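Reader: I would like a close look at a single part of this protein. Please take one buried position and work outward from there.

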Amino acid sequence: MRDTLLIALYAFAGAAAAGVAGAAVLRLIRRRSLTASVAVVAAVGVGAMLAGTLAVAWAMFLSSHDLTVVTTVVAMAAVVSLATALLLGRWVVARSRELADAARSFGDAGAFAAPHGPATAELDALGRELAATSARLAESRERERALEKSRRELVAWISHDLRTPLAGLRAMSEALEDGVAADPDRYLKQIRTEVERLNEMVGDLFELSRIHAGTLPLHPSRISLYDLVGDALAGADPLAREHGVRLVGDGVAPVPVEVDAKEMTRVLGNLLINAIRRTPPDGTVAIAAERTQDGVVLSVSDGCGGIPEEDLPRVFDTGWRGTDARTPPAGAGLGLAIVRGIVEAHQGRASVHNIPGGCRFEVTLPLPTP
């Protein structure tokens, strides 16, 4: 038993010395190729075995013949181990370089394509992650292009919509200043109307900027859908009477929701105004609310005749007004973008689809917490 312990002690001492030396070498070459590190690890394994064997042989006073035999065996093992380590290291490095070359395609709207051929589990997992990241970057670039396009359209349409009332205000003010206005009171009333419209447009732009910046303040409270819809209908009733459109809000269930009442009233108001302006006289705009498995669904249905299928995905984009909505009272194309922004700030979603004779806008809100 004592001899076994001594052999173990001498073997451990020799192997530990080789291990410490190998660790020092690995630290020195930690920035070098993986091939060198793998070769050092293999050399440490063989060197530890050789050092332990030599230490035991020296302590046990083996014959020179036996020591030569042991050393030769260990040397052959070292050659095979180092050759295997070098082959493995070169193969892993080659796969890593192929992966690095494929990853360079991320720039300039390129797409990542994982290299073909076998790879280690870690490199294969890294390739899958890079492919997923490439897909997300492609989606991000597409969203950025769409956003930039909508911004350019918004600037163009806002410039147009601002220029028209400003030109009218200038003409009316000059007429009043020169005393050539046939009906000054009518001019003053028109000026007030145009100023209010400009003020609403500026307010929409400010609201949209806060939504895009993620700084829209929300003060949620529990409120009944019945009261929420009732306030929205009361606010839209004068416009509906002016356009000869009938408002219907009978299908509203008294379901509680936890929302910012002011912002959600604006959502419903924008949807109702949009529906009223696009519904012909003697038409009907209906608002309904119900509780479903997905949450609370508010819907506004109009008689606009429907939206072209190719335009449906763009309805909530900033600045979108459709092909036939270039002039007032269509607005600057901000109302529906504000609707989506406020709804998403409430962790909900906004959607639209065609129905017979018109379209239906739906707002889905999460159920209130118990």
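Author: What follows starts at Leu-271 and moves out to the core around that residue. The model is predicted, so local features need pLDDT of at least 70 and side-chain atom pairs count only at pLDDT 80 or more, while totals for chains, interfaces and linings use all residues. Numbering runs from 1 along each chain as its sequence is written, and side-chain values use heavy atoms, with hydrogens and water left out.

Leu-271 sits in helix H7, residues 261-278 (helices are DSSP runs of H or I, at least four residues, numbered from the N terminus). Leu-271 is buried, at a relative accessible area of 2% (buried means under 20%, with a 1.4 Å probe and protein chains only). Apart from neighbours within four places in sequence, Leu-271 is in contact with Val-300, Leu-336, Val-339, Phe-361 and Val-363 (contact means heavy atoms within 4.5 Å). Glu-362 is 91 residues from Leu-271 in sequence, yet their C-alpha atoms are 9.4 Å apart.

Phe-361 has its own list of partners beyond four places in sequence, including Leu-271, Asn-274, Leu-298, Phe-316 and Val-352.

Leu-271 and Phe-361 are among the residues with the most contacts inside the largest nonpolar core, which has 49 residues (such a core is a set of buried Ala, Val, Leu, Ile, Met, Phe, Trp, Tyr and Cys residues joined through side-chain atoms within 4.5 Å). Helix H6, residues 225-243, gives the most to this core, with eight residues. Domain 2 (151-213) and domain 3 (221-366) both contribute residues, so the core lies between them; the domain bounds come from an automatic or database assignment.

Conventions
Helices (H or I, at least four residues) and strands (E, at least two) are DSSP runs, numbered from the N terminus. Buried means under 20% relative accessible area, exposed over 50%, partly exposed in between (1.4 Å probe, protein chains only).
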